Amino acid sequence: MRGKSNRGGRVNSDVQRVISHLIEFEIKDPRVSSLVSVVKCDVTNDLKECKCYISVLGSEEDGENTIKGLNSANGFIRKRLAESLNLRYTPEIEFKLDKSIEYGVMMTKKIDDIMGNTSEEDSEE
């Protein structure tokens, strides 16, 4: 009986690390914002596809332009990924804009506003 391996998790983190490095240091496309972070990479078990979730600090237009720039650099990213990682297949990468960080900041601000309003009401009484 085979033990449970963590190969999928290792592959995901390795792909995320390499793509983050490529975006930060090697992609020269002016559409790609400098305030980009790779939130998560999900590689399928057969290593054929990868969904890469990207967070961009800035306007919604910056996010859309960054995704367009990354999609145009997709071939370069795959080539460098194949050189960096020894995988059977180099996955097709699909970049998706991740808004979870923005959503979290917005919710934190709303909670702080509510907590600030209730504490002010308590202090007035």
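Start by selecting strand 2, residues 49-56, together with strand 3: six bridges join these two strands, which run parallel. The model on your screen is a predicted one, and the tour moves outward from this pair of strands to the sheet, the helices and a few single residues.

**The pairing of strand 2 with strand 3**

Within this pair, select C52 and look across to strand 3, where F95 stands opposite. Then move to I54, which stands opposite L97 in strand 3. Strands of a sheet pair through backbone hydrogen bonds, in either a parallel or an antiparallel manner, and the next pair to select shows the other arrangement.

**The pairing of strand 1 with strand 2**

Add strand 1 to the selection: seven bridges join strand 1 to strand 2, and these two strands run antiparallel. Here C41 stands opposite C52 in strand 2, and C52 is also the residue that has F95 opposite it in strand 3.

**The sheet as a whole**

With the three strands displayed together, you have an open sheet whose order is 1-2-3 and whose pairing is mixed. Its edge strands are strand 1, residues 36-43, and strand 3, residues 92-97, each of which pairs on one side only. If you look along the sheet, the twist to expect from one strand to the next averages 25 degrees.

**Helices on the sheet**

Now show helix 1, residues 7-26, which packs on the sheet and touches strand 1, strand 2 and strand 3, with a direction that makes about 150 degrees with that of strand 1. Helix 2, residues 60-72, also packs on the sheet, where it touches strand 1, strand 2 and strand 3, and its direction makes about 175 degrees with that of strand 3.

Zooming out for a moment, you can count four helices and three strands in the protein, and from the N terminus on they follow the order α-β-β-α-α-β-α. Of the 125 residues of the protein, 28% count as buried. Among contacts between residues at least 6 apart in sequence, 62% join residues at least 24 apart.

**Helix 1 against helix 3**

Select helix 1 and helix 3, the latter being residues 74-84: their axes come within 10 Å and cross at roughly 125 degrees. That angle makes helix 1 oblique to helix 3. To find the contact itself, display V15, V18, I19, L22 and E26 of helix 1 with F76, I77, R80, L81 and S84 of helix 3. These contact residues divide into seven nonpolar, one polar and two charged. The handedness can be checked in the same view, since helix 1 passes helix 3 in a right-handed crossing.

**F95, in strand 3**

Return to F95, which lies in strand 3 and is buried, with a relative accessible area of 6%. Apart from neighbours within four places in sequence, F95 is in contact with I19, C52, I54, I67, L70, N71, N74 and I77, and displaying this set shows the surroundings of the side chain and backbone together. One of these partners, I54, is 41 residues away along the chain, and its C-alpha atom is separated from that of F95 by 6.8 Å.

**T66, in helix 2**

Next select T66, which is found in helix 2. Is T66 buried or exposed? Its relative accessible area is 0%, so T66 is buried. Leaving aside neighbours within four places in sequence, the residues in contact with T66 are R31, V32, S33, V36 and V56.

**L47 and T90, in two loops**

Move to L47, in the loop between strand 1 and strand 2. The hairpin that these strands form has five residues between the strands, and L47 takes a positive phi near 65 degrees there. Most residues other than glycine have a negative phi, and L47 is not a glycine. At 5% relative accessibility, L47 counts as buried.

The last stop is T90, in the loop between helix 3 and strand 3, which is partly exposed, with a relative accessible area of 23%. Beyond neighbours within four places in sequence, T90 is in contact with L47, R78, L81 and A82, so that selecting T90 with its partners brings back L47 from the previous stop. To finish, place a C-alpha to C-alpha distance between T90 and E49, which are 41 residues apart in sequence and 8.2 Å apart in space.

Terms used. Residues numbered from 1 in each chain as written. Predicted model: local features only at pLDDT ≥ 70, side-chain atom pairs only at ≥ 80, totals over all residues. Heavy atoms only, no water. Pairing = 2+ DSSP bridges. Axes fitted to C-alpha atoms, helices over the stretch in contact; angles between N-to-C directions. Contact = heavy atoms within 4.5 Å. Parallel < 35°, antiparallel > 145°, perpendicular 65-115°, else oblique. Left-handed = near helix turned anticlockwise from the far one by under 90°. Nonpolar A, V, L, I, M, F, W, Y, C, P; charged D, E, K, R; others polar. Buried < 20%, exposed > 50% of the residue type's maximum accessible area, 1.4 Å probe, protein only.
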